[in-house]
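Please consider how the interior and the sheet of the following protein model are arranged. The account begins with the core and then turns to the strands and helices.

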Amino acid sequence: MARKSKTDNNSQSAWFAEPGKNDDIIISTRARLIRNLADFPFPAKMTEDDKTRVQALVYDAFNSSEDWHFIDMDGLSQPGRQILSDKNIIKDECSAVVINYGDESVSCLVNESDHIKLSAFVSGLDCEKAMEKVYKVDEFLQNKLQFAANIDFGYLTSYIKDCGTGLKFTVRLFIPSIVLSGQFESIVSMVREKKLSVKPVFKSEQIADFSNCIFDISTMSSAEGTELDQMAVIQSVASVILKTERKIRANFADNNPTIVLNFFKQSYARAMYSLLLSYEEAVSIISAVKWGLQLKLVKGISENELNGLYYRVKDGHLKYLCDNFAFTFEEDIKSSEALQIKRLRTIVIQQAFEDIVNEKPVS
């Protein structure tokens, strides 16, 4: 078995390890804000010189504060890129990333599809807090940069639906009771009726796989209504969903106690007796234990610990641990980085589950 030479405490200060409002169902809330500099074409039409100039202007703006860490993507290693991707900071190519020191909940992408893409994450459901974070940075940058805007269209962006406020919200939900009870389609209809999008985060072919129960709900247009209007719509929809999930959860547990307990016990046993786990397998296990906690089948772990575990067992974070800490792996996996990551992922989950106690043993 692999052993760590020292405890990994870095993840404890990250935003995703903090408790949040309604974090039993809402894993995270993200507010994203897009801005473009005046007198420059959009990144798709920019020359290399244009990109360098925009990056320099953004760097100078952030450099006036000590709260930010500037990363030039040209000098970043592949493992570093993977970590940023795992934290949902980057998705597509960009020339630079700016991240706040501390909990790393706020970031800025430079020269992605637009010159500036600000994102703020918070645990649980809190659109107002996430929006306050991005607008605080926006106000800071407004004093140093001139943004492209039009009296008729608002802030100008490369994608027409991002014009206007430039604001977009995304809420990540965990709704196993709705999915397993067959009532998900009614939720989809409600979401689309409110002109929001709903997308699965994972797509497992196994119907009972709990990774199938995590979804992102997002606003689709920044041009309709004010920031407060946009926030109110997604906040209200998320509130309806979480109330529905809790109601179905209570009824499902009362009417199917053996089935519910079986879901948890299978996943818990899989976690504690496995040696190698893929990320999707880990997500399913974490999610099943999360549901067991909500149904009061177990105790000994918290919602925010489980939400943080989704990020702690991603490939980039685990590769960082392998590269920077002393481990002793079994002989047959020493030569394979992929197997080492799977082995370490299993150990991290098993250590996280050490204090879990089953409150409803089978009679």
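The largest nonpolar core has 51 residues, among which F62, I116, L118, L141 and I241 touch the most other members. Such a core is a set of buried Ala, Val, Leu, Ile, Met, Phe, Trp, Tyr and Cys residues joined through side-chain atoms within 4.5 Å, where buried means under 20% relative accessible area (1.4 Å probe, protein chains only). Helix α6 (residues 227-255) gives the most to this core, with 7 residues; helices (H or I, at least four residues) and strands (E, at least two) are DSSP runs, numbered from the N terminus.

The model is predicted: local features need pLDDT of at least 70, side-chain atom pairs count only at pLDDT 80 or more, and totals for chains, interfaces and linings use all residues. Residues are numbered from 1 along each chain as its sequence is written, and side-chain values use heavy atoms, without hydrogens and water.

Beyond its neighbours within four places in sequence, F62 is in contact (heavy atoms within 4.5 Å) with W68, V98, C108, L118, V137, F140 and L141. A second, separate core of 48 residues includes F252, V289, L295 and L344.

An open sheet of 8 strands follows the order β2-β3-β4-β5-β1-β8-β10-β9, with antiparallel pairing; two strands pair if DSSP finds at least two bridges between them. Because β2 (68-72) and β9 (196-200) stand at the edges with a single partner strand each, one side of each is left without a neighbour in the sheet. Within the sheet, β3 (residues 96-100) and β4 (residues 106-110) pair in the antiparallel sense over 4 bridges, and I99 stands opposite S107 in β4.

Note on methods:
Buried < 20%, exposed > 50% of the residue type's maximum accessible area, 1.4 Å probe, protein only.
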